[in-house]
Amino acid sequence: MSHPSILVVGGGAAGMMTAVTAARAGAPVTVLERLDRVGKKLLSTGNGRCNLTNVHFEGKNFHGGCPGFAVDVVHRFPPAKTMEFFESLGLLCSVEEGGLVYPACGQASAVLDVLRFEMDRLGVKVHGDAEIQRVSPGRNGFEARVKDGRAFSGDRLVLAAGGKAAPNLGSNGSGFEIAKALGHRLVEPIPGLVQLNLSAPFLKHVDGVKFNGSAAVTVDGRVLREESGEILFTSYGISGIPILQLGRVAGEMLHNKKEVFLDLRFFPSMKTEDVSAMVADRLRRRPDRSAEEAMIGTVNKKLIGPLLRTAGIERAGEPCGRVTEEQVRRLSALLSRWRFPVTGTQGWLRAQVTSGGVDTAEIDPQRMESKIVPGLFLAGEIIDVDGDCGGYNLQWAWSSGRIAGLHAAAQ
Ligand SMILES: Cc1cc2nc3c(=O)[nH]c(=O)nc-3n(C[C@H](O)[C@H](O)[C@H](O)COP(=O)(O)OP(=O)(O)OC[C@H]3O[C@@H](n4cnc5c(N)ncnc54)[C@H](O)[C@@H]3O)c2cc1C
């Protein structure tokens, strides 16, 4: 019996992994990609270096309606297998701090190249400028119709069209419309791994200021998630890896019309009383010195004015001797926890991933096959699974693509 022919909708990480796996199993594979070429998003990953996986993988690194679903799938094709796969294609991998894996050559383009070469070698047909608008299942497989009227048919179809994040790199949400039309339920997609908009009058002044500290998303007086590392103030609010990690939960809460706050800590490893003692000592040691001068050396100079003003010390040049006990107390409190209202996220254009997507309850994790439409498989970001920063989203794309490819190609 010959292998079933396979249509893969979407030539991103998940689609290319699906294509290579299915073609290696002997199936004829056609990839349909809406952009003029495959893998455009891969080129932008990891700041052009592509953080392709992470050797440390735990359940808590994945999110969605059912995180256990992702863990189950990733266990079937774990990070070690991803590295083995890429090394077999000639891509040397290097493991960096935190278990983050990058191509040793430091170029995301090399990851795309080896995938393209392998698809070429296996005879995978790739059609660019082929945005699929409709997928129709029939008695003899599937028909995928392109916007311009072209039609492709295959025995089985893998939907790997990504989510809605970074639409300039290909994934414009059209995959969700196809999944819905096929009868799948969507968990409302929202931007994940995304920068936050804050409300503060001095943001333009501190644009570009970085600090090593921690940030926590707080709702109704409860800390929902806290992350630490390098944080960056921007003209709209705040960015940096810890903030991207918080984007999902902040966005979800804003979506639920909650009042969301971001609490920043400049000295997360210091006890509150030690921070207070340090501030009091600086301000009380030399009463003639200005408050601004007294604070130099604690945080970035550009932050000192806004901190003093927020503590009620209107003039940075105010002599320390005139700073009241209450103002010292407020300044100390701000350095231990500076609270900002979160007014929004930077949205789809700047988000790195989609939270939400096709409900995992409707997909068989052993095969990545739809429980609604037999012969339809799904892989990658289109599914309600998203990962932390650090290589987990690509690992999800590789694992789910691998399983989908294997089972779609099975006779
Ligand atoms: C700037 C940036 C940096 C990132 N860095 C990292 C990183 O270093 N490590 C990490 O793990 N993750 C990273 N990610 C996330 C990661 O890139 C994605 O989670 C992953 O690429 C998702 O793979 P996918 O194949 O499911 O979707 P995508 O990569 O989005 O691919 C989907 C493909 O389908 C095509 N398509 C969409 N609709 C249709 C249609 N109707 N018909 C035909 N084709 C269609 C799109 O053009 C696209 O090529 C980053 C994301 C961004 C935006």
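**Entry 1: the seam between domains 1 and 2**

How many salt bridges does the rule find across the interface of domain 1 and domain 2? I opened the notebook with that one, and my tally for this interface is two salt bridges. A reminder to myself before going on: this is a predicted model.

I looked at one pair by name. Arg 225 makes a salt bridge with Asp 388, and the closest N and O atoms sit 3.2 Å apart. I then checked polar contacts across the interface of domain 1 and domain 2, and the rule gives four residue pairs, both residues of each at pLDDT 80 or more. Next I asked which element supplies the largest share of the side of domain 1 that touches domain 2. Strand β12, residues 186-192, does so with four residues. Sorted by class, that side of domain 1 has three nonpolar, four polar and three charged residues.

**Entry 2: domain layout and buried area**

I stepped back to see where the domains run. The assignment gives domain 1 as 6-192 + 354-409, domain 2 as 196-267 + 339-347, and domain 3 as 272-338. I noted that domain 1 and domain 2 are each written as two segments, while domain 3 is written as one.

I looked up the spacing too: the C-alpha centres of domain 1 and domain 2 are 30 Å apart. Ten residues of domain 1 touch eleven residues of domain 2. How much area do domain 1 and domain 2 bury between them? I have about 780 Å² in my notes, with 59% of it on carbon and sulfur atoms. For domain 1, I wrote down Ile 190, Pro 191 and Cys 389, which supply 56% of the area it buries against domain 2, more than any other three residues.

**Entry 3: strands around β18**

I moved on to strand pairing in this part of the chain. Strand β18 (residues 338-345) pairs with strand β13 (residues 196-198) in the antiparallel sense, over three bridges. Leu 196 has Thr 345 of β18 as its bridge partner. Strand β17 (residues 260-265) also pairs with β18 in the antiparallel sense, this time over four bridges. There I found Leu 264 with Trp 338 of β18 as its bridge partner.

**Entry 4: parallel pairs on β11**

In which sense do strand β1 and strand β11 run, parallel or antiparallel? I found β1 (residues 6-9) and β11 (residues 156-159) running parallel, joined by four bridges. Val 9 stands opposite Leu 159 in β11. I followed β11 further and found that β11 and strand β22 (residues 376-378) pair in the parallel sense over three bridges. Leu 159 turns up again here, with Leu 378 in β22 as its bridge partner.

**Entry 5: a small open sheet**

I traced an open sheet of three strands, with the order β3-β6-β5 and antiparallel pairing. The edge strands are β3 (53-54) and β5 (93-95), each pairing on one side only. Between β3 and β6 (residues 100-103) I counted two bridges in the antiparallel sense. Thr 53 stands opposite Val 101 in β6.

**Entry 6: salt bridges overall**

I finished with the total for the structure, which holds 30 salt bridges. I picked out Arg 24 and Glu 118, which form a salt bridge with their closest N and O atoms 3.0 Å apart. Why does this pair tie together parts that are 94 residues apart in sequence? Because Arg 24 lies in helix α1 (residues 13-24) and Glu 118 in helix α5 (residues 108-121).

Methods: Residues numbered from 1 in each chain as written. Predicted model: local features only at pLDDT ≥ 70, side-chain atom pairs only at ≥ 80, totals over all residues. Heavy atoms only, no water. Domains from an automatic or database assignment. Contact = heavy atoms within 4.5 Å. Buried area = accessible area lost by both parts, 1.4 Å probe. Salt bridge = Lys/Arg side-chain N within 4 Å of Asp/Glu carboxyl O. Polar contact = N/O pair within 3.5 Å; in protein donor to acceptor, adjacent residues only side chain to side chain. Nonpolar A, V, L, I, M, F, W, Y, C, P; charged D, E, K, R; others polar. Pairing = 2+ DSSP bridges.
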